[in-house]
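User: Please take a close look at one charged side chain and its pairing. Then set that pairing beside the others like it.

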Amino acid sequence: MDSQMMTGNLAAAWGARLADVDYIPAFPITPQTEIVEALAKWCEGGELAARFVTMDSEHSMMTAAGAAEATGARVFTATSSQGLLYAPRYPLDLEEKFARAAAFTGPKMFLMLAACPTGWLYDPGETPEVAKLAVETGLWPLKEAINGVVTHTYVPKRRPVEAYLKLQGRFRHLFEPTVQTEAIQHIQARVDAYWERATREGS
C-alpha cells in the first residue's frame, strides 16, 4: 500500500469517508474547514455517497447531527472549541430551554451565539467576554418562542453597545481613525428600541 503524507484535517476527512457515513451536517469554521471542504468535494464528485448539508451555525449543525444519529444514520461533523460556545456566563439558560423543549413532540429550532475569534478579529482569550457582552448589551436577547408566544428568559441591565463593539477588530472602522459616533448611536438606538418594545409587549 502506498503511503501518503496529509494534514490532520484531511486524515479526519478520510476517516469519515472510509466509515462510509450517510449524513454530514457542516458549518465551516477554523480550524476544521479543510475537513468539510474535502467531504463536500467527495460528495459532489460521487466518491462519497453521503448527504452533505451546509447549516447556518455550529449549533444547528450539532442539533442536526444528533437528530440524524437518533434515527440510526451514520453521521459525521466537525467544529471548533469556540464554535460550541453559547453565552458561557449563562449555561443554565440553555439547559432549561433544552429541558422545556423535550416536553414537545416534533421539530425544535435553537439559534445560538457562536463567537468566532478568527472572523470577528479578537483575542481568543476574550471569547467568554465577547459572548457575555453580546447578552449584557442587549444585542443578543435570550428568549424563546413556544406556540407563537415569545418570552425573554433573561433581561439584562444593558451596558452600552460600544463595550461589545470595541473588543472586535471587525468593528474597528467605527473607532479608527476617528470615532463614528453617529453610527454607534444608531446601533444603540436600535437596541434600545427593541427592548422598549419588548417591555411594552410584556415579553
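Analyst: Arg-158 is partly exposed, with a relative accessible area of 31%. Partly exposed sits between the two cut-offs: buried is under 20% relative accessible area, exposed is over 50%, with a 1.4 Å probe and protein chains only. The model is predicted, so local features need pLDDT of at least 70 and side-chain atom pairs pLDDT 80 or more, while totals for chains, interfaces and linings use all residues. Numbering runs from 1 along each chain as its sequence is written, and side-chain values use heavy atoms, without hydrogens or water.

Now the pairing. Arg-158 makes a salt bridge with Asp-192. The closest N and O atoms of Arg-158 and Asp-192 are 3.0 Å apart. The term covers a side-chain nitrogen of Lys or Arg within 4 Å of a carboxyl oxygen of Asp or Glu. Where do Arg-158 and Asp-192 lie? Arg-158 lies in the loop between β4 (149-154) and α7 (161-166). Asp-192 lies in helix α8, residues 181-201. The two are 34 residues apart in sequence, so their salt bridge ties together separate parts of the chain. Helices (H or I, at least four residues) and strands (E, at least two) are DSSP runs, numbered from the N terminus. Asp-192 has a relative accessibility of 23%. That puts Asp-192 in the partly exposed class, as Arg-158 is partly exposed at 31%.

Next, the wider set. The whole structure holds 5 salt bridges. Among them is Arg-17 with Glu-47, where the closest N and O atoms are 3.6 Å apart. This pair also links distant parts of the chain. Arg-17 belongs to helix α1, residues 8-18. Glu-47 belongs to the loop between α2 and β2. Arg-17 and Glu-47 are 30 residues apart. Glu-47 is partly exposed, with a relative accessible area of 44%.

Another of the 5 salt bridges joins the side chains of Glu-144 and Arg-100, at 3.0 Å from N to O. Glu-144 sits in strand β3 and Arg-100 in helix α4. Those parts are 44 residues apart in sequence, so here a strand and a helix are tied together. Is Glu-144 buried or exposed? Glu-144 is buried, at a relative accessible area of 17%. Its partner Arg-100 has 31% relative accessibility and counts as partly exposed. In general, side chains of opposite charge can pair when their charged atoms come close.

Last, the setting of these pairs. The protein has 8 helices and 4 strands. Along the sequence they follow the pattern α-β-α-β-α-α-α-α-β-β-α-α. Strand β1 (residues 23-26) and strand β2 (residues 51-54) pair over 4 bridges. Pairing here means that DSSP finds at least two bridges between two strands. The sense of the β1 and β2 pairing is parallel. Ala-26 has Thr-54 as its bridge partner in β2. β2 also bounds the loop that holds Glu-47, with α2 on the other side.

As for the whole protein, its C-alpha atoms fill a box of roughly 65 × 50 × 25 Å, taken along the principal axes. The protein has 203 residues, and 37% of them count as buried. Glu-144 is in the buried class, whereas Arg-158 is partly exposed.
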